[in-house]
Amino acid sequence: MSALEFANVSKSFGDVNALIDFTIALEEGELVSLLGPSGCGKTTALRIAAGFETADAGSILLGSRNIIGLPAHERRMGMVFQSYSLFPHLNIRDNVSFGLRVRGVRNEARKKRAEEMLDLVRLSDLGHRMPHQISGGQQQRVALARALATEPHVLLLDEPLSALDAKIRVEVRDEIRRLNRDLGVTTMFVTHDQDEAMSISDRICVMNSGVIEQVGSPRDIYNNPATSFVAHFVGSINSLPKGDKQILIRPENLVLTTHDQNAQWRGAITDITFVGAFTKISVRLENDDAPISVLAISTQIDHNIAIGLNIGINEAAQ
Amino acid sequence: MKFFGKIWPRLFIAVAIVFFVAPLLSMARFAFQRIPVISLGKDNLLKRWTIDGLLTTLRDPEFTHSLSVSLKIAFFTVVVLLVLMVPTTLWVHLAAPRWRGVVETVTILPYVVPPIALVVGVSGTYRSIAPWFLASNYSLVPFYAILAMPFTFRSLDVGIKALDLRTLVDAAKSLGAPSLRVMWNVLLPNLRTSLINAAFLTVTVVLGEFTIASLLLKRTLPMYMAQAQGREPQGALGLGLLILVLTTILFTLVSIIRKRDATSISSKNINGGMVP
């Protein structure tokens with residue numbers, strides 16, 4: 001039995017179909033990301049699971065129970081939002097224990113649990129502070145502690161890292177992964193950032209225009225994209241002519257060659273971008289308008305290559 | 001140029017101060033100096049000051065009665081307004097943003113409809129169907145609630161806009177709080193400043209309203225003051241000054257609270273991803 005299952009869930013806002021026949025099952029303890037561009041329906045799916053939106057059709061099973069129609073406050077879903085959603089009038093400890101307070105847990109037990117949860121996100125010395133006195137990254141970790149304090153059936157994360165700056169984002173991301181593994185809590189993570197989804201998920205569900213394009217492990221999604229949309233959305237990809245058809249190939253699966261006169265493709269270098277360990281080289285093929293990109297390990301680049309140089313490209317040996 | 005650039009604002013402020021303070025000083029001299037008005041001059045500026053007139057008025061049972069009537073009416077007006085307007089404003093923001101314009105327009109009505117029209121219309125209706133309602137002092141409550149509606153709505157509207165209302169409500173619900181709990185434990189505490197503001201503004205409206213009370217023949221504080229001006233002018237003016245000073249102190253307190261709350265909200269936004 002799955003921990004959370006969407007079965008043929010549909011939802012439209014006026015003429016817009018936000019979600020069409022959405023079907024996916026999350027296993028116990030699994031972290032599944034809903035990945036897609038904005039407007040693809042991922043947040044709608046999450047909000048339907050949380051009980052903030054009602055589905056037009058379909059059912060949602062929490063364990064064996066259909067929770068369609070159950071009000072949000074009775075679903076026991078922990079949720080973390082994109083904007084820092086801590087209650088401004090409560091200190092950190094009271095924020096974390098809020099869910100226990102509305103459930104009527106005694107003061108002592110509440111305090112103890114709040115301390116445990118703050119310990120878990122390594123913020124135990126900030127319990128007395130007010131939300132505005134701590135940083136954005138810390139606020140999101142408190143929001144995680146607060147969502148987990150009531151031992152929710154499922155943890156729902158709605159782009160929780162989007163408002164954070166790059167370095168803090170990685171920290172909180174790793175924190176989420178660690179909590180998911182340590183506590184074994186089933187987690188649904190909504191994001192538009194493919195790197196985030198790749199690094200955190202057990203499985204990724206790629207969505208577009210309200211429809212699931214592919215569900216699979218990050219490796220699977222990247223190496224064997226089911227549709228052209230998935231191939232283009234996850235990582236970058238080149239479309240190259242081979243015989244009488246076009247093939248899709250990742251930039252890191254191409255190699256440049258200066259001496260092979262029988263290279264599969266030829267073109268002129270239009271741009272060279274150094275991005276640390278890798279260097280991205282853009283090449284405009286003969287008879288082709290859109291430049292393709294080749295990703296090479298920076299240390300292995302032939303130092304003769306320069307913008308304007310005519311160069312050969314081959315598929316890398318698999 | 002620079003000289004004029006500096007002098008004009010200062011001159012303007014000086015004129016404004018004279019404009020506001022001079023009548024108050026004159027009022028104070030009239031109320032608290034036992035000297036005939038015709039002899040008040042700069043040579044007797046510090047002579048024969050007394051608060052006897054004010055004390056006589058404060059001891060007048062008519063005064064205590066009208067004050068208690070006005071305070072009771074103020075209290076019930078605040079209650080009625082908050083009970084009506086808090087859920088309405090929250091509803092407009094959460095569920096029906098399209099209706100915000102309509103609600104805003106409705107709250108401006110007291111500016112558009114003159115009090116006399118309001119009273120004649122409403123009292124005409126009640127005189128025939130429920131005369132007991134107009135006989136009670138509390139018949140003023142609905143009128144005053146309407147008069148204070150623009151202040152209450154705006155105060156709440158501004159307070160709600162400063163919150164991330166939708167997320168706070170969703171967060172509280174996902175933590176297991178039913179709607180009433182969300183309102184009581186999350187929204188009202190965060191709207192504290194707005195609520196205090198709205199309440200104070202309502203009280204000042206009630207304590208200063210004359211037309212409707214006079215038309216309905218109620219013995220409220222403003223009515224008492226208007227009548228006392230004929231009997232005991234010094235005491236009435238002294239009382240007026242006292243109320244003015246007390247209201248100013250109250251509003252200073254409110255703005256201090258508001259500033260403190262605003263600081264905590266803005267620093268929340270500034271903090272971003274930085275470690276303090």
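The crossing of helices H7(B) and H10(B) is right-handed. This holds in a predicted model, and the report describes that helix pair before turning to chain A.

**The helix pair in chain B**

Helix H7 of chain B covers residues 140–161, and helix H10 of chain B covers residues 192–208. Their axes come within 9 Å and cross at roughly 160°. Because angles over 145 degrees count as roughly antiparallel, H7(B) is roughly antiparallel to H10(B).

On the H7(B) side, the residues in contact include B:Tyr144, B:Leu147, B:Phe151 and B:Leu156. On the H10(B) side, they include B:Asn197, B:Leu201, B:Val205 and B:Val206. Ten residues of this contact are nonpolar and seven are polar, with no charged residue among them.

**The contact between chains A and B**

Chain A contributes 30 residues to its contact with chain B, and chain B contributes 25 residues. Three elements of chain A, listed below, each supply at least two residues of the side that touches chain B.

| Element of chain A | Residues |
|---|---|
| Strand S6 | 77–80 |
| Helix H3 | 98–102 |
| Helix H5 | 136–149 |

How do the residues on this side of chain A divide into nonpolar, polar and charged? There are 15 nonpolar residues, twelve polar residues and three charged residues.

**The domains of chain A**

The domain assignment divides chain A into domain 1, with residues 4–231, and domain 2, with residues 240–315. The C-alpha centres of these two domains of chain A lie 40 Å apart.

Conventions. Residues numbered from 1 in each chain as written. Chains lettered and ligands numbered in written order. Predicted model: local features only at pLDDT ≥ 70, side-chain atom pairs only at ≥ 80, totals over all residues. Domains from an automatic or database assignment. Contact = placed C-beta atoms within 7 Å. Helix = DSSP H or I, 4+ residues; strand = E, 2+ residues; numbered from the N terminus. Nonpolar A, V, L, I, M, F, W, Y, C, P; charged D, E, K, R; others polar. Axes fitted to C-alpha atoms, helices over the stretch in contact; angles between N-to-C directions. Parallel < 35°, antiparallel > 145°, perpendicular 65-115°, else oblique. Left-handed = near helix turned anticlockwise from the far one by under 90°.
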